[in-house]
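Good morning, colleagues. I would ask you to look at the next slide with me for a few minutes.

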Amino acid sequence: MNQGEKRPASFGRQARTLLNRLQNLRTTHAPDAPALSLRDPWPGDPRRGARLVKAELEFGGAVLAMPPEIFSAANTSSLVRAHLHGFTWLRDLRALGTDAARSRARALVSDFMDTHPLDLRASTPDVTGARLAAWLGHYDFFAASADDDFRQRLMHRLVQDARNLSAALPPELLDQRALTALKGLAAAAIAMPEHAPYLPRVLKFLTPELARQFFADGCHVERSPAAHLAALQDLTELRALLQAANVPPPAELLTTIDRAAAAMRSLRHGDGGLVLFNGAKEELPGLIDLVLAQAGRARGALAPLAACGLYRIPAAKALLFIDAGPPAAPGLDRFAHAGTLGFEFSYGKERLIVNCGAAPALAGEWSAVLRGTAAHSTLTIADVSSAEVRETGLGRRPAHVHAARQDYGGVHWIEANHDGWGKLFGAIHHRRLMLAETGDELQGEDLIEAKNPQPFTIRFHLHPNVTASLQQDNEAVLLRTPAGLGFRLRAEGVPIRIEESVYFGQTEPRRAEQIVLAGHQDGPQHVKWTLTRI
């Protein structure tokens with residue numbers, strides 16, 4: 001099966017689903033409580049917990065009001081609805097830890113169980129899996145001291161959801177969310193021994209899923225550092241669940257965790273946050289540290305990332321990242337950006353050149369803008385993105401992306417090209433980046449290969465902490481960081497200017513600046529530029 005294909009729903013699987021729904025109409029035996037106490041291993045945010053007590057759900061830089069009917073029809077994006085019905089936000093109430101937080105958790109779980117009909121997003125395998133793991137992982141917090149009626153209803157719903165999820169396997173989703181579904185069913189099987197037969201079903205689908213979801217270098221196939229972090233969290237939880245049940249984890253799971261952790265370490269800047277490719281934000285370094293500690297690879301070797309094409313090139317204190325691989329395949333491209341050959345550059349713990357980041361969860365109008373080529377530190381032809389950005393992925397995209405990396409003569413260099421504008425303009429973008437061994441100089445060349453010359457723009461988006469000023473008769477730009485670090489960017493043969501930009505790499509959007517090199521249709525199609533530490 002190709003990566004972009006969906007698994008067909010067989011007649012047998014459809015029959016199992018219908019039979020399962022009929023069985024759910026009958027009285028279902030459920031245990032009085034989980035036989036094994038599970039604990040969600042990830043930290044919550046008490047500030048977000050306080051907002052939940054006030055009926056506000058904060059997620060992805062946005063806030064969603066939570067009226068009583070919220071679980072039947074939330075008028076928001078699929079991503080926010082998945083978060084709402086997945087209940088992973090229970091960790092924020094647990095972090096708050098007050099009686100009001102515990103009461104609010106019970107009230108929201110009770111509202112969910114009493115809502116008919118539910119939003120359809122609540123019953124998808126990934127959301128059901130997330131909810132099973134969240135309810136069981138926070139049972140001691142919100143349910144253990146509740147009254148008998150609440151606990152009985154909760155356990156019945158857990159049994160029902162586990163049965164529905166088992167019948168839905170293998171999940172049709174091809175991305176990281178399939179791992180969340182498997183994790184949730186494993187939690188149910190381990191916490192409720194009466195349903196232990198679900199565990200062999202999880203293990204049956206887990207091994208082929210691991211082989212399909214990760215490149216040989218350990219990078220997740222969605223090519224998104226954010227999706228990679230979520231996948232590694234799921235895998236470490238799965239391993240912990242199996243160990244708690246005294247079930248030996250499959251060797252493939254252990255190997256995948258080891259490789260994915262090495263890749264995770266390679267996707268971080270010197271400040272500990274994530275590189276901003278394909279829907280990623282910086283994320284809290286403390287959370288990434290915790291995930292790596294749980295994985296058992298907080299330190300050690302870094303993955304080369306050549307298989308996925310998210311290259312990491314270190315030199316002394318400098319770090320250069322470039323997206324020089326094909327976009328994720330259809331079915332895996334929910335976070336894909338039109339940012340091919342976009343790069344980021346940091347020195348020590350300070351980011352200088354970045355991509356613009358990911359849109360807030362509720363800011364739909366920003367999504368297409370931030371996924372477009374112009375929001376990345378790369379070249380754009382005729383103000384057209386190198387891939388067609390769609391709500392659920394990419395349409396037109398580069399068919400061929402080639403990259404070669406070499407280190408010699410005290411220089412680390414990478415040369416890459418792609419044909420994202422091939423069908424529109426018959427054009428190929430070539431980019432060559434050379435980083436000195438000292439990390440003090442980055443040289444770049446951008447070339448458009450086309451029969452008919454094209455207008456183009458090369459952008460260098462700056463981190464909002466970086467200030468920029470034109471100097472030397474507008475032939476160079478001086479960059480300064482809060483710590484006093486200075487770099488100068490020069491370009492040959494094209495005008496250079498400073499324009500406004502925006503940065504969505506953190507919780508709140510911030511104003512920023514960008515350096516722009518504009519090339520005309522009747523001018524040279526080859527630009528050389530240099531970024532030098534001063």
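I shall go from the whole chain to one sheet, then to one helix and one histidine. Please keep in mind that this is a predicted model.

Let me begin with the chain as a whole. It contains 15 helices and 20 strands. The radius of gyration is 25 Å, close to the 24 Å that the globule rule gives for 534 residues, so the chain is as compact as a globular protein of that length. Along its principal axes, the C-alpha trace spans about 80 × 45 × 40 Å. Of the 534 residues, 55% are buried. As for contacts with a separation of 6 or more, 68% of them join residues that are 24 or more positions apart. The accessible surface amounts to about 22,000 Å², and carbon and sulfur atoms contribute 52% of that area.

I turn now to the sheet. Here 8 strands form an open sheet, and the order across it is β10-β11-β12-β13-β20-β17-β16-β15, with antiparallel pairing. Which strands lie at the edges? They are β10, residues 401–408, and β15, residues 467–471, each of which pairs on one side only. On average, neighbouring strands of this sheet are turned by 15° against each other, direction ignored. As a general reminder, strands of a sheet pair through backbone hydrogen bonds, either parallel or antiparallel.

One pair within this sheet may serve as an example. Strand β16, residues 476–480, and strand β17, residues 486–492, are joined in the antiparallel sense over 5 bridges. In this pairing, A476 stands opposite R490 in β17.

Next, helix α3. This helix covers residues 78–86, and its buried residues are V80, A82, H83, L84, H85 and G86. What covers them? The cover includes two strands, β1 (56–59) and β2 (62–65). It also includes two helices, α5 (99–114) and α6 (125–137). Directly after α3 comes F87, with a positive phi near 65°.

Finally, I would draw your attention to H195. This histidine is located in the loop between α9 (177–191) and α10 (198–213). Is H195 buried or exposed? Its relative accessibility is 12%; buried means under 20%, and H195 therefore counts as buried. Leaving aside residues up to four places away in sequence, H195 touches V159 and A189.

To close, I return to two points: the sheet is open and has 8 strands, and H195 is a buried residue in a loop between two helices. Thank you for your attention.

Conventions: Residues are numbered from 1 along each chain as its sequence is written. This is a predicted model: local features need pLDDT of at least 70, side-chain atom pairs count only at pLDDT 80 or more; totals for chains, interfaces and linings use all residues. Side-chain values use heavy atoms; hydrogens and water are left out. Two strands pair if DSSP finds at least two bridges between them. Helices (H or I, at least four residues) and strands (E, at least two) are DSSP runs, numbered from the N terminus. Axes are lines fitted to C-alpha atoms, for helices over the stretch in contact, and angles run from 0 to 180 degrees between N-to-C directions. The radius of gyration is taken over C-alpha atoms; the globule rule is 2.2 Å times the number of residues to the power 0.38. Buried means under 20% relative accessible area, exposed over 50%, partly exposed in between (1.4 Å probe, protein chains only). Contact means heavy atoms within 4.5 Å. Accessible areas come from the Shrake-Rupley method with a 1.4 Å probe; for residues, only the protein chains shown count as cover.
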